[in-house]
Amino acid sequence: MTEWLSQFPLTQHLLEFGKKQVCNALKTGPIPQHIGFIMDGNRTYAKSKHIELKEGHSAGFDSMARVLEVCYDCGVKCATVFAFSIENFKRPSYEIKWLMELAKSKFRQVVANGELCEKYGVRIKILGDLDLIPDDVKEVFLKAEEITKDNKRVVLNVCWCYTSRDDMTKSIKKTIEQFNDSLNELDIQDINEEIITRNLYTGKSPPLDLLIRTSGVYRLSDFMLWEAIEKRCSIEILEILWPQLDALHMVWELTKWSFSRTYLFKDKYEIEIETAKEGGNRSINNKLDEDKIMDDEFDGVEKMKVI
């Protein structure tokens with residue numbers, strides 16, 4: 001019934017108007033600067049709708065465009081999507097071929113038209129092991145990167161032939177190479193989290209604020225494991241399938257995140273200042289212990305399942 005109503009021009013106009021008003025309101029508060037998406041459920045969606053598998057994946061690409069448009073309208077600066085895992089090479093060869101052809105087709109549209117990229121100033125970056133990508137697909141990806149390289153407003157990281165473990169392994173190798181190239185003797189004490197983070201595929205992106213997975217599966221599937229461990233990164237598991245994720249769902253997720261940052265979290269240093277002003281005499285050590293408890297509690301709240 002909802003899908004039927006949404007086809008009417010008046011309904012679409014009202015939804016678009018409402019979305020813009022809500023996005024403008026959200027911009028007045030905190031907004032995640034970097035969102036990661038595990039786009040799960042395309043195959044299940046195809047089976048539930050009794051359509052071909054490749055049509056389910058195509059619906060997933062369409063959903064990605066809708067979701068990204070809402071994100072950029074609301075002020076998100078960077079989005080990272082898990083489009084193709086290295087583990088996906090274990091799937092049937094015909095499905096891999098469909099995915100590669102679909103990606104090539106969609107990115108050709110971006111190269112040829114590029115309305116979304118032009119409208120929002122989107123820079124596309126392909127993250128992953130490019131050596132595993134077929135040459136014809138790689139050529140289209142690199143062309144999309146080249147055409148959008150001067151766009152500065154927002155970034156779309158497309159993870160293709162990617163796993164987080166592979167990313168971390170390459171980051172450590174790159175770190176060692178940097179030390180060797182500097183002609184300095186490698187001191188293990190000089191390797192720290194900051195350097196490894198900087199050498200990840202997402203090293204030039206803002207810290208991850210929100211990670212969303214669809215299909216109700218409680219695992220990260222080797223996606224952004226390093227980035228998602230940040231204390232302030234919220235993880236949301238949605239019960240809907242990826243092609244079912246629409247503008248309203250995304251607005252709700254952004255609203256929840258903004259509410260939690262506005263009313264649930266306070267910087268520990270701000271709390272210490274407030275405590276000092278009130279004449280509190282608690283020791284700093286006790287205060288930090290309480291902050292840790294508070295952060296752990298809120299981490300639990302942020303990682304609750306969303307129905």
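This passage walks through some helices, charged pairs, backbone angles and long-range contacts of the structure.

The model is predicted, so local features are taken only where pLDDT is at least 70 and side-chain atom pairs only at pLDDT 80 or more, while totals for chains, interfaces and linings use all residues. Residues are numbered from 1 along each chain as its sequence is written, and side-chain values use heavy atoms, with hydrogens and water left out.

A good place to start is helix α4, which runs over residues 53–74. Helices here are DSSP runs of H or I with at least four residues, strands are runs of E with at least two, and both are numbered from the N terminus. With its 22 residues, α4 reaches 32 Å from first C-alpha to last, close to the 32 Å expected at 1.5 Å a residue. That expected span is 1.5 Å times one less than the number of residues in the helix. Right after α4 comes G75, with a positive phi near 105 degrees.

Next come the salt bridges, and the structure holds 15 of them. The term stands for a side-chain nitrogen of Lys or Arg within 4 Å of a carboxyl oxygen of Asp or Glu. One of these bridges brings us back to α4: the side chains of K106 and D62 meet with 3.3 Å from N to O. Because K106 sits in helix α5 (residues 93–112) and D62 in helix α4, this pair ties together parts that are 44 residues apart in sequence. How covered are the two partners? A residue is called buried under 20% relative accessible area, exposed over 50%, and partly exposed in between (1.4 Å probe, protein chains only). By that yardstick K106 is buried at 17%, whereas D62 is partly exposed at 36%.

A second bridge joins R91 and E95, whose closest N and O atoms are 3.0 Å apart. Here R91 is partly exposed, at 25% relative accessible area, and E95 is buried, at 1%. These two residues don't act as a lone couple in the list of bridges, since R43, R91 and E95 are linked in a network of salt bridges.

A third bridge pairs E236 with K256, and the closest N and O atoms are 3.5 Å apart. This pair links distant parts of the chain, with E236 in strand β6 (residues 234–237) and K256 in helix α11 (residues 247–264), 20 residues apart. The acidic partner, E236, is buried with a relative accessible area of 8%, while K256 is partly exposed with 22%.

Some charges group together on the surface instead. R123, K152, K174 and K204 form a positive surface patch. To join a patch, a residue needs over 30% relative accessible area and no salt bridge; like charges are joined within 9 Å, and nonpolar side chains (Val, Leu, Ile, Met, Phe, Trp, Tyr) within 5 Å. The areas come from the Shrake-Rupley method with a 1.4 Å probe, and for residues only the protein chains shown count as cover. Lys and Arg count as positive and Asp and Glu as negative, with His and the chain ends not counted. Each charge is placed at NZ of Lys, CZ of Arg, CG of Asp or CD of Glu. Within the patch, R123 belongs to strand β3 (residues 122–127) and is partly exposed, at 31%.

The backbone has a few twists to point out as well. S215 shows a positive phi near 80 degrees, though it isn't a glycine, and its place is in the loop between β5 (210–213) and α10 (225–228). S221 is found in the loop between β5 and α10 too. This serine also has a positive phi, about 50 degrees, without being a glycine, and it counts as partly exposed at 27%.

Finally, which residues far apart along the chain turn up across from each other in space? N24, in helix α2 (residues 9–26), has its C-alpha 6.7 Å from that of C74, although they are 50 residues apart along the chain. N24 is partly exposed, at 42%. Over in helix α5 lies Q109, partly exposed at 41%. The C-alpha atoms of Q109 and A144 are separated by 9.6 Å, with their positions 35 residues apart along the chain. A79, in strand β2 (residues 78–85), is buried with a relative accessible area of 0%. A79 and P206 are 127 residues apart in sequence, yet 9.7 Å apart in space from C-alpha to C-alpha.
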